[in-house]
Structure formats: C-alpha cells, structure tokens
Amino acid sequence: MGVKKRTVSPRQKMINLMYVVLMAMLALNVSSDVLNGFSLVDESLNRTTESASQVNDAIYSQFEAQMKTNPAKVKDWFEKARYVKQMSDSLYALAEELKVSIVKKADGKDGDVENIRNKEDLEAASVVMLAPRAGKGERLYQAINSYRERIVDMVVSEEQRKIISGNLSTEVPAKGKVLGKNWQEYMFENMPVAAAVTLLTKLQSDIRYAEGEVLHSLVANIDVKDIRVNRVNAYVIPNARTVVQGGKFSAQIIMAAIDTTNRPVIYVGGKEIRSEHGLYETVCSRTGDFTLAGYIETFDGRGEKVRRDFSQKYTVVAPSATVSADMMNVLYAGYNNPLSVSVPGVSVNDIAVSMTGGTLQPVGGGKYIARPANVGKDAVITVSARTEGRMQQMGQFAFRVRKLPDPTAFIAYSDGSGENHFRGGKLAKQVLMNAGGIGASIDDGLLNIAFRVQGFETTFYDNMGNAVPEVSNSASFTDRQKNLIRSLSRGKRFYVTNVRAIGPDGIERKLSGAMEVIIN
C-alpha cells in the first residue's frame, strides 16, 4: 500500500504560529481588524484539513481494494480502519455542528460559517457552549476526552502519541485554573465568534491528523504481515522461561514472516517435530538450567531451502510460593491481619490458599485477611496452584500468633491543620476544653489500630497539694473534670491515668503510665 506518511510543512508550521500570535493579540484587545486574521487562519486550516481528508480517503480506498483481493489478511485491519473513520467523523461532525450554531446565534438563522458578519460578537459562543442545561460545551469536552483516549491507544509511536495527546488536550492552563474556570469556560467564555469558529476548525484539523496517524499505523501492520520480506529469522517463543518441577515446558518455534501455505520443518535434537503450529512440549522432571536448541527449514520464493538455527534457555525450579504479612512477620489474634500471596508465573485466579488455627478471607488481587484464633499457637498458611491443569501444593508457611500490644492513650482535638493526637506536654486550655475526651490507638509506623476507650481517671492537685481524683466511665470528660480543667491557671497541670480500652480483638486492657497535661 503506497501511501507515504506526510510531514508537517513549513507552511503549516507558519499557520500554527499565526494562530498562536492572533490569540495573544486578541487577549490584548487589539482592534477589530485582527478578527479578520482569524478568517485567514480558518481558511488555511480548512485547506490543510481538506488535504488530510483526501490522503485519509485514499487510504480507506486502498483498504477496500485490499479487502476485496485478500480479505483473510486485511479483514482485522479493515475493521479497525472503519472504526477509526466512524469515531473521527462523529467528533468532526460535532465540531461542525457547533460552528454552525455559533454563527447562526450571531448572524441569525441565515448565518453562514464561510461568511461571518458579526465576527466580534462576544455572546454567541458563550450562549451555545455555556448556557445552563442547554450549553453544549460539556458534550464537546467529554467527546474530545473519549476520542483522545481511544485514538491514542491505536498509535504505535510514542512521539506521535504525545503530539496527538497535546493537540487534543482538554487540560486547563494555569491561568484558567487560577480563575476557577473549567475547560469549556476557558475556551469559549466571552470568545468572539471568529475566534470560536477558528478554535473548532483547529479541532477538526487535529482530528484528521490523528485519524491519519492511526491509518498509517494500520497500513504498516498489513505490510509487516506481507510475505514479501528480505530477511527471515528463527524464533523460539516459550510460554514461560521458568517451569515448576513436574510441569511442562511449552514453546512456539517459528520463522518470522513465514508463508502459511509453506510451513517450515522444525528439528530439535536432530529429530523432526511434527506439529501443525510449531508447538514443542517436554515434561520437566529435573530442576536446573536447560537449553532448547535445533534448527528450522523452509523454502524462499525461488524454491531454495533456507535454514536458521535457534536456541532458547529456560529454568526448571522446585515448587514455590510467597506469603507475606503486609505489616510484619507475625499475626495478631482476633485481628484482621492483611496478607499477600503469590506464586511466580501463576495467575492469582489459579491460586488456592487455606489456613489452620483461624479464618482466612480473600479480598481480591492476591490479598487476604487472616484472623488467627489463639495466642501462642502458630497459624499455618498452605498455598496450592493450578499448573498444567492440576492443583499442586507450592508450600506451607507458619506464622507466630501474638496478642495485640497495648495502645497509647491520647487527647483528640482539632485545629487548622486537622485532627491531632496529644500524648502529653503543653496544651492550650481552649483547645483542651473543646476536645471530646480520651482516645487510644496503636500507631507505631507498622500498625495503625484504633481502640475504644471505656473509661479513665484524671488527677488534679489543690492549693494544699492534695490529689483530687475524678473518674469518667466513658471516653469523654465529665462535667466535673471539665470544671476542674477550667479552673486551672497557666502552668498548672493534671494527669490522665487508668485508661481502660478495648481493641478489635475484644480484649479490655488497662493502660499503664500517666499522661501529663500542662495548661499553656
């Protein structure tokens, strides 16, 4: 298919530069004569778009011709080309519809996109694109995003992917973000008709450019599958380079760009491999490193025999699996311990995991929640995997089971920075009065577990130095405790002791130590 990939001409580069300059001049409120410049840019963009459309149409025509002569080879790519045309034409038509609507809003029902009278009109684009409920700006925004995501996925070149993504970007520039505008407001709010039409024409040009890039990629894919090649090589394509002992090593042995009507002959270890699709299999009964070696023969277009040698290293390993506690190498009784389980080379859907000494709940993606029942008794995780159509045990893993450690008590309060945990020291009286009471948690960098406080005791000292204890049977300060706190002057202190808390394991514990609170 003799369609050459076009490059951006100096003329087109100049058009793009003019477009940017005119937009900048418009922002500076240059005289209305500048608006006529948009018409010039619009005309140039239309000519460029028409040229791109003609090139694209030529490729579609060649696709149809190739489809008639070789449908088996071209069908998949032909269907993709039709899909590209359908979604490109849809977005192109939407842009054209919006251009017509904006011009008719400015010039009346007889408005003509090719001959705009009220080019300076600042309301038409805003009404058509941004009017409450009836505005079409959101529809265009969603359509561009959808088109960009689908079209970029079909482009092979990373450089072209970046260009297309940039051309079809709907990201609001920093200036627009500062003003709190969305994309459609930034592009069309108070935009003169001439400028709005030119913006939509540029979008149409970008659509045809992106469409052309994908079409050239599809054409290249067809050419790669053509039998007319000047170099052939033998390749081994293994299903996996690492095989579990007792499993099978499978590999595809092929010659690149071979003719399907002239299948090559494959030899491994001097013996011919009789397989329609070049599939080679052998049972792996020993562990270690091995090499699959041989040669492949076929005939070229002149009927001459062509031979290519091949070799592929692979490794056979003993059954293995990985089970890791997401936080540490122990499990806590009565607590939901997260686990990750994996088997190298095996999908998570083909892995079975069980546990003794507790319950195990799968949560998806190789993740599990383990809840051991008894402290001091190991929990054993058993992992099996389906390989070669059968379940095989990959390993057992024992974890020590411990009781959850005691939490640390704190006073929870809020300020401008958010929620805070005060664990002793100086604290403003006003902040303390607004605090709800006492909390407790384990937060040591590994665990982050909240406990429920059942009660606590505060100890104050009167002017004679006598201790004044007050007990709360909940997590909140009592009215008596709050009154005593309110009476403290700056520099005075009190202590929080005998905190009782229940963790997720259901065990109530009395926390040791005291929290000193100094009124700041």
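The expected span of a helix is taken as 1.5 Å times one less than its number of residues. Set against that yardstick, helix H5 of this predicted model behaves well: its 16 residues, 137-152, reach 22 Å from the first C-alpha to the last, close to the 22 Å expected. A good part of H5 is tucked away from solvent, with Gly137, Leu140, Ile144, Asn145, Tyr147, Arg148, Ile151 and Val152 all counted as buried.

Stepping back to the whole protein, the chain runs to 520 residues, of which 41% count as buried. Its secondary structure comprises 11 helices and 25 strands. Among contacts between residues at least 6 apart in sequence, 64% join residues at least 24 apart. The exposed surface comes to about 28700 Å², and carbon and sulfur atoms supply 49% of that area.

Two of the buried H5 residues turn up again in the interior. The largest nonpolar core holds 52 residues, and Leu140 and Ile151 join Phe63 and Ile102 as those that touch the most other members. The elements giving two or more residues to this core are helices H2 (33-69), H3 (71-107), H4 (124-130), H5, H8 (183-188) and H9 (193-224). H9 gives the most, with 15 residues. Ile102 offers a look at how the packing works out for one residue: leaving out residues up to four places away in sequence, it touches Ala124, Ala125, Val128, Met129, Val193, Ala196 and Leu200. Apart from this core lies another, of 33 residues, with Ile411, Ala435, Phe494 and Val499 among them.

Not everything buried is nonpolar, as a glutamine shows. Gln160 sits in helix H6 (residues 158-167) and has a relative accessible area of 11%, so it counts as buried. Its side chain has a polar partner: Gln160 makes a polar contact with the side chain of Tyr209 at 2.5 Å.

Turning to the backbone, most residues other than glycine have a negative phi. Two loop residues go the other way. Arg133, in the loop between H4 and H5, has a positive phi near 70°. Asn190, in the loop between H8 and H9, likewise has a positive phi, of about 55°, although it is not a glycine. Both side with the solvent: Arg133 is exposed at 90% relative accessibility, and Asn190 is exposed with a relative accessible area of 53%.

Further along the chain, strands come into the picture. Ile266 lies in strand E4 (residues 265-268) and, at 6% relative accessibility, counts as buried because the cut-off for that label is under 20%. Leaving aside neighbours within four places in sequence, Ile266 is in contact with Ile253, Lys271, Glu272, Ile273, Gly278, Tyr295, Ile296 and Phe310. Thr298, which belongs to strand E7 (residues 288-299), is buried as well, with a relative accessible area of 8%. Ile266 and Thr298 are 32 residues apart in sequence and 9.1 Å apart in space, C-alpha to C-alpha. For Thr298 and Arg308, the separation is 10 residues in sequence and 8.9 Å between the C-alpha atoms.

Leu279, in strand E6 (residues 279-283), is partly exposed, with a relative accessible area of 36%. The C-alpha atoms of Leu279 and Ala251 are separated by 6.0 Å, although their positions lie 28 residues apart along the chain as a sequence separation. Ala251 is also one of the contacts of Leu279, along with Ser250, Gln252 and Ile273, when neighbours within four places in sequence are set aside.

Finally, helix H11 (residues 479-487) has a clear inner face. Its buried residues are Gln481, Leu484 and Ile485. These cover an arc of only 100° around the axis, so they are on the same side of H11. That fits the geometry of an α-helix, where 3.6 residues a turn make residues three or four places apart point the same way. On the other side of H11, Asp479 and Ser487 are exposed. The buried residues of H11 pack against helix H10 (429-434) and against three strands, E21 (448-461), E22 (467-472) and E23 (493-502).

Notes. Residues are numbered from 1 along each chain as its sequence is written. This is a predicted model: local features need pLDDT of at least 70, side-chain atom pairs count only at pLDDT 80 or more; totals for chains, interfaces and linings use all residues. Side-chain values use heavy atoms; hydrogens and water are left out. Helices (H or I, at least four residues) and strands (E, at least two) are DSSP runs, numbered from the N terminus. Buried means under 20% relative accessible area, exposed over 50%, partly exposed in between (1.4 Å probe, protein chains only). A nonpolar core is a set of buried Ala, Val, Leu, Ile, Met, Phe, Trp, Tyr and Cys residues joined through side-chain atoms within 4.5 Å. Contact means heavy atoms within 4.5 Å. A polar contact is a pair of N or O atoms within 3.5 Å; within protein, one must be able to donate a hydrogen and the other to accept it, and residues adjacent in sequence count only if both atoms are side-chain atoms. Accessible areas come from the Shrake-Rupley method with a 1.4 Å probe; for residues, only the protein chains shown count as cover. The arc is that of the directions from the helix axis to the C-beta atoms.
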